[in-house]
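Please walk me through this structure in the viewer, one selection at a time. What should be selected next, and what is there?

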Amino acid sequence: QGLRSCFGATDLAQVLHRMRADLGEASFLSSEKKHVVFAVVRQLSELAAQEVLTDEEWNSVLLPTSEGLLKPTPICVYNDMQWLKEGRGPDLGSGLHLLHPEVSSLQASRLRAKSLASVLCHRASDDSDFQAVGQVERLTTRLQNILKGYP
């Protein structure tokens, strides 16, 4: 078989898993591996458009958070609301983690991370008691009544 000419998405995802195993709960930001994390994420995002992985494989991809930890994609959120400064944004709660600012919005969306705007919109729609409003009378009846009002 020989050696492959390049790494695939699965190989790169395994690199991030091995790095997390080596670091444990320590931050990668203070380590010499910081540049490797972002290089792997960049390459993985480029492969995301070309290579088809299963949902399970995508959900196991680890991404760097602003805390310097590697977390699974489904619990990562990227800041697509640029007017919210780092650290001054809304409380994400529910186990979500904000991605490191060095991961671009394009890279994050390719890697299937959630956008902050979509998370906040979803949360707002869940929290609110919306009530359907609209026209009560039939349109034809309403038009007839309007026309009766004109001489």
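Helices here are DSSP runs of H or I with at least four residues, and strands are runs of E with at least two, both numbered from the N terminus. By that rule, Q107 belongs to helix α4. The model is predicted.

**The whole chain**

Begin with the entire protein, coloured by secondary structure. Six helices and five strands should appear. Followed from the N terminus, the elements come in the order α-α-α-β-β-β-β-α-β-α-α. The protein has 151 residues, of which 32% are buried. Now consider contacts between residues at least 6 apart in sequence: 66% of them join residues at least 24 apart.

**Helix α1**

Select residues 9-23, which form helix α1. This helix has 15 residues, and the distance from its first C-alpha to its last is 21 Å, close to the 21 Å expected at 1.5 Å a residue. Which residues of α1 are buried? They are A9, D11, L12, A13, L16, M19 and L23. An α-helix has 3.6 residues a turn, so residues three or four places apart point the same way. To see what covers the buried residues of α1, add α2 (34-48), β1 (62-64) and β2 (70-72), which are among the elements that do so.

Move one step past the end of α1 to G24, where phi is positive, at about 65°.

**Helix α2 and its packing on α1**

Next select α2, residues 34-48. Like the helix before, α2 has a length to check: 15 residues, with 21 Å from its first C-alpha to its last, close to the 21 Å expected at 1.5 Å a residue. Its buried residues are V37, F38, V40, V41, L44, S45, L47 and A48. These pack against α1, β1 and β2, and also against α3 (55-59) and α4 (105-110).

Keep α1 and α2 on screen together. Two packed helices are described by the angle between their axes and the distance between the axes. For α1 and α2 the angle is about 155° and the axes are 9 Å apart. Angles over 145 degrees count as roughly antiparallel, so α1 and α2 are roughly antiparallel to each other. Their crossing is left-handed. On the α1 side, the contact is made by A9, L12, A13, V15, L16 and M19; on the α2 side, by V36, V37, V40, V41, Q43, L44 and L47.

**Q107, between α2 and α4**

Return to Q107 in helix α4. Is Q107 buried or exposed? Its relative accessibility is 13%, and buried means under 20%, so Q107 counts as buried. Show its contacts, leaving out neighbours within four places in sequence: V41, R42, S45 and E102. V41 and S45 were already met among the buried residues of α2.

**The three-stranded sheet**

Now select strands β3, β4 and β5. Strands of a sheet pair through backbone hydrogen bonds, either parallel or antiparallel. Here the sheet is open, its three strands stand in the order β4-β3-β5, and the pairing is parallel. The edges are β4 (97-98) and β5 (114-115), each of which pairs on one side only. Zoom in on β3, residues 76-78, which is joined to the parallel strand β4 by two bridges. In this pair, V77 of β3 faces L98 of β4.

**Y78 in β3**

Stay in strand β3 and pick Y78. With a relative accessible area of 13%, Y78 is buried. Draw a distance from its C-alpha to that of L98: the two residues are 20 apart along the chain, and the atoms are separated by 5.8 Å. Not counting residues up to four places away in sequence, Y78 touches L98, L99, S105, A108, S109, A113, K114, S115 and L116.

**Two loop residues**

Step back to T73, in the loop between β2 and β3. This residue is buried, at 1% relative accessibility. Beyond its neighbours within four places in sequence, T73 is in contact with W58, N59, V61, L63, L111, R112 and A113.

One of those contacts, R112, is the last stop. R112 sits in the loop between α4 and β5. Its phi is near 70°, a positive value in a residue other than glycine. R112 has a relative accessible area of 43% and is partly exposed, whereas T73 is buried.

Notes. Residues numbered from 1 in each chain as written. Predicted model: local features only at pLDDT ≥ 70, side-chain atom pairs only at ≥ 80, totals over all residues. Heavy atoms only, no water. Expected span 1.5 Å × (residues − 1). Buried < 20%, exposed > 50% of the residue type's maximum accessible area, 1.4 Å probe, protein only. Contact = heavy atoms within 4.5 Å. Pairing = 2+ DSSP bridges. Axes fitted to C-alpha atoms, helices over the stretch in contact; angles between N-to-C directions. Parallel < 35°, antiparallel > 145°, perpendicular 65-115°, else oblique. Left-handed = near helix turned anticlockwise from the far one by under 90°.
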